[in-house]
Amino acid sequence: MKRKLFFLIIVLSFVLVGCGKKTDKDILKELTKKIENATSYYIEGNMDIINNEDTYNYQVNVSHKKEDYYKVYLKNQSNNHEQIILRNKDGVYVVTPSLNKSFKFQSEWPYNNSQVYLLKSIINDINNDENKSFEEKDGYYIFTSKVNFPNNLKLNKQLVFIDKSLNIKEIQVLDENNNLQIKMTFNKIDYKSEFKENYFELNTNLESSIKDEENFKEVTSIEDVIYPMYLPTNTYLTSRDTVATDSGERLILTFDGDSPFMLIEETVKYEDEHITIPTYGTPDMLVDTIATISDNSINWFSNGIEYYVISDVLAKNELLDIARSISVIPVSK
């Protein structure tokens, strides 16, 4: 009897010790279940994007309802530029209230690459990496896994910080040299959010978006020409032409050499009536705004100017390197 009691105590001791310590597999399994079982969620947070010596900070609000309904509100804190990425049954839209325009995409967003502000994307990146690592530090569970950013190949891995209640608190995306490139901080995650029936419809979001016409700084002429800080080897500026448009001016910079391309800078105006423009390509973050990215062109809007980088020769990653360098420092000649 004493021997049986002794063995029972030993077994119970092992069980209690085992229950008190979660393994990385336990944590990942529970977090995955928590996210996949959520029929909806709402997130509030902040995102920093680092581009060389510049840091761009965004207010980020995310709404999601199963299966394919997403609304991501992004506000650039430096210039108050607001945009919404919207996915519903009709497609993917980027709504830009400061222009009174929306751009419609036939795109696989958000499933075509990693997304630091979408819970399913984060957890999928961890689960899909057979070589992921895990540690406990400063009161957090930390998973390190590979990421998939086809439009920014220097982004190499992410660190996912999870608190003891299994809430994702922070994402850090690093380059191949372990330099921080993107930081997403989650201030609030509500897994019990309820949205009205038309919450994810385009018209509802047009009505609720602030039409900031009074604060919109309309630019009618291009006073400071912005040149790329990066040029491919043996590539140089050969012409600079300015033409008048209905909204002001269009500047065309032509670069020739081994890697020819064209940079177009054009003033834009606030539309009196909202317009939706069918757009080829995919939406993605480009430093201080959401850009339209295709195989041979990058298009984005920043501070009253619309930019296009176009080439039939350059690879998409080279076009993106040029586009990102335009967003660094305005250089006038």
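How many salt bridges does the structure hold? There are four, as judged from a predicted model. The points below take up three of these pairs and one sheet.

1. **Lys164 and Glu136.** These two residues form a salt bridge in which the closest N and O atoms are 3.1 Å apart. The pair links distant parts of the chain, with the two positions 28 residues apart in the numbering. Lys164 sits in the loop between β9 (155-162) and β10 (168-175), while Glu136 belongs to strand β7 (residues 133-137). Lys164 counts as partly exposed because its relative accessibility is 43%, and Glu136 is likewise partly exposed, at 38%.

2. **Arg250 and Glu266.** Here the closest N and O atoms of the salt bridge are 3.0 Å apart. Arg250 lies in strand β13 (residues 248-257) and Glu266 in strand β14 (residues 261-267), so the contact ties together parts of the chain that are 16 residues apart in sequence. As to exposure, Arg250 has a relative accessibility of 28% and therefore counts as partly exposed. Glu266, at 14%, counts as buried, since the limit for that class is under 20% relative accessible area.

3. **Arg324 and Asp321.** The side chains of this pair meet in a salt bridge with an N to O distance of 4.0 Å. Both residues are in helix α5 (residues 316-326); because they are three residues apart, about one helical turn separates them. Arg324 is buried, with 13% relative accessibility, whereas Asp321 is partly exposed, with a relative accessible area of 38%.

4. **The seven-stranded sheet.** Strands β13 and β14, the sites of Arg250 and Glu266, also belong to an open sheet of seven strands. The strand order is β12-β13-β14-β19-β18-β17-β16, with antiparallel pairing. At the edges stand β12 (235-245) and β16 (282-286); each has a single partner strand, so one side of each is left without a neighbour in the sheet. On average, neighbouring strands of this sheet are turned by 20 degrees against each other, direction ignored.

5. **The β14-β19 pairing.** Which strand is joined to β14 by six bridges? It is strand β19 (residues 305-310), and the two run antiparallel. Within this pairing, Ile264 has Tyr308 in β19 as its bridge partner. Strand β14 thus appears in two of the contacts described here: it carries Glu266, the salt-bridge partner of Arg250 in β13, and it is joined by bridges to β19.

Methods. Residues are numbered from 1 along each chain as its sequence is written. This is a predicted model: local features need pLDDT of at least 70, side-chain atom pairs count only at pLDDT 80 or more; totals for chains, interfaces and linings use all residues. Side-chain values use heavy atoms; hydrogens and water are left out. Helices (H or I, at least four residues) and strands (E, at least two) are DSSP runs, numbered from the N terminus. Buried means under 20% relative accessible area, exposed over 50%, partly exposed in between (1.4 Å probe, protein chains only). Two strands pair if DSSP finds at least two bridges between them. Axes are lines fitted to C-alpha atoms, for helices over the stretch in contact, and angles run from 0 to 180 degrees between N-to-C directions.
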